[in-house]
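Biologist: Please choose one part of this protein and take me through it slowly. I am in my first year, so explain each term when you first use it.

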Amino acid sequence: MHPYAPTPLPPSGRRHRPALLIVTVVLALAAGLLLAWPGRAGAVADPLISRGRPAAASSTESSSLGAANAFDGAASTRWASAEGKDPQWIRVDLGAGATVSRVKLTWEAAYAKAYRVEVSTDGTTWTRIAEEKAGNGGTDDLAGLSGKGRYLRVYGTARGTAYGYSLFEVEVYGTADGGTPPGGGAFTVVAAGDIAAQCTASDSGCAHPKTAALARQIDPKFYLTMGDNQYDDARLSDFRAYYDKSWGAFKAKTRPVPGNHETYDPAGALAGYKAYFGNIAYPQGKSYYSFDEGNWHFVALDSNAFDQAAQIDWLKADLAANTKQCVAAYWHHPLFSSGGHGNDPVSKPVWKILYAAKADLVLGGHDHHYERFAPQNPDGKATADGIVQIVGGMGGADPYPIEEVQPNSQKRISGPYGVLKLDFTDSGYSWTYVATDGVKDTSPKYDCH
């Protein structure tokens, strides 16, 4: 679009001239009384139901300005359409039928002069619930709406500038049919790190095709990988020759993070990783991102870059914007490990941020074994309000032995290959370590903080 965005124009709800100041105050007081009326209380209290939901758009200006950016809760990311073309739209799938009571739009400098907000039950037939014919950018907070549907879209018909349409955030508030937030309830996730050695199923000793078969049989909601997805240098050609032949079968349902081996690529750090996974690994235009499922907020981090302020600042902002009760994070280098690599202090600042945000669960890889820890704080002190950590580096690379058992380590297994089967509910979680030859460990059940 344009490299430097000017200061956003005043929000569309503030178009009154100074001469009308008294009228404005009176109207504001009246609006406050209306919001306080019992019939309006539900609209005020309705939860945000669009954060992290699947999104699509009629066009995007570039791959880093995709539709998902408008639903990630980050003030620094945005969706931008192709320039100079009308109409354009952006759509979100709320996951289930919902009653929409409020939509808040935060425009970038390229705003819509005219647009409609519409809902649909099937993504094909649309019903208008709000319309703007004289927009001037800024923030449009559309309250008091009444619409039912699974899908909501913002349909721009006239641009306010010569560019396109661009939104920092689209926030949809309401309630799901039956009163349960869309995407709520129990779900299962499969996770592992340190996966694809340079071998294929034709080699009987090759482990990653076997863990892939196990992971696929479990058939989870989605898959998490905790780095070192491809050995040894994680070139694009290696991803295609090995990882793609096993775990690649469910790439579209995978939420990966990179490990140190992804940085060894002669084409550049993370070059093959990014080329292979594309927007799956960079849904918000960065090698770290977040998403929601049910009552859980998942944070996918790049531990190769924990020394970079940009990721740390993003993490703080992401957690501050989170509306979910339960929080899980995953990356490659674990803070605590009894394996060959041992404890990695690079993760400690991130642990402090997560602990302050009352995060529940952290997953890691790097050491090629399974290990679970009791809840602990960033200093390694056991505490009931601590974070549970799992090392899950048994996805297919050669196992590492247990070397120095760390405090609060409750279970350690080295040798078998397998995956973590994680079971999440709206208020807690548990897991099993499922190896290719059977279940090796079952966790306690934990409640979210």
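Modeller: In this predicted model, one aromatic cluster is formed by Phe187, Phe222, Tyr289, Phe291, Trp296, Phe298, Phe424, Tyr429, Trp431 and Tyr446. Residues are numbered from 1 along each chain as its sequence is written, and side-chain values use heavy atoms, without hydrogens or water. Local features need pLDDT of at least 70 and side-chain atom pairs count only at pLDDT 80 or more, whereas totals for chains, interfaces and linings use all residues.

The structure as a whole holds 30 aromatic pairs, a pair being two rings of Phe, Tyr or Trp (its six-membered ring) with centres within 6.5 Å, called stacked if the planes are under 30 degrees apart, edge-to-face if over 60 and tilted otherwise. Phe222 and Phe291 are edge-to-face, because their ring centres are 5.3 Å apart and their planes stand at 85°. This pair joins distant parts of the chain, since Phe222 belongs to strand S10 (residues 222–226) and Phe291 to strand S12 (residues 289–293), with the two positions 69 residues apart in the numbering; strands here are DSSP runs of E, at least two residues long, numbered from the N terminus. Phe222 counts as buried because its relative accessibility is 3%, and Phe291 is buried too, with a relative accessible area of 4%; buried means under 20% with a 1.4 Å probe and protein chains only.

Tyr429 and Trp431, which also belong to the cluster, make a stacked pair, because their planes lie at 10° and their ring centres are 6.4 Å apart. Tyr429 is buried at a relative accessible area of 4%, and for Trp431, buried as well, the value is 1%.

Returning to Phe222, the charged end of Arg255 sits over the ring of this residue, 5.3 Å from its centre, where sitting over a ring requires NZ of Lys or CZ of Arg within 6 Å of the ring centre and within 35 degrees of the ring normal. Another such contact places Lys274 over the face of Tyr282, at 4.7 Å from the ring centre.

Arg255 also leads us to the largest pocket, whose lining has 35 residues, with Gly52, Pro54, Ala68, Arg255 and Pro283 lying nearest its centre. A pocket is an open set of points on a 1 Å grid over the protein atoms alone, with protein on both sides within 12 Å along at least five of seven lines, and lining residues have an atom within 4 Å of a point. The volume of the largest pocket is about 910 Å³, counted as the space filled by probe spheres set on the points, which are joined across faces, edges and corners.

Strand S11 (254–257) and S12 each give at least two residues to the lining of this largest pocket, and S12, the strand that holds Phe291, provides the largest share, 5 residues. By class, the lining of the largest pocket divides into 12 nonpolar, 15 polar and 8 charged residues, with Ala, Val, Leu, Ile, Met, Phe, Trp, Tyr, Cys and Pro taken as nonpolar, Asp, Glu, Lys and Arg as charged, and the others, Gly among them, as polar. To summarise the links, Phe222 is paired with Phe291 and lies under the charged end of Arg255, while Arg255 is one of the residues nearest the centre of the largest pocket.

Technical notes: Helices (H or I, at least four residues) and strands (E, at least two) are DSSP runs, numbered from the N terminus. Buried means under 20% relative accessible area, exposed over 50%, partly exposed in between (1.4 Å probe, protein chains only). On a 1 Å grid over the protein atoms alone, a cavity is a set of points where a 1.4 Å probe fits but cannot get out, and a pocket is an open set with protein on both sides within 12 Å along at least five of seven lines; lining residues have an atom within 4 Å of a point.
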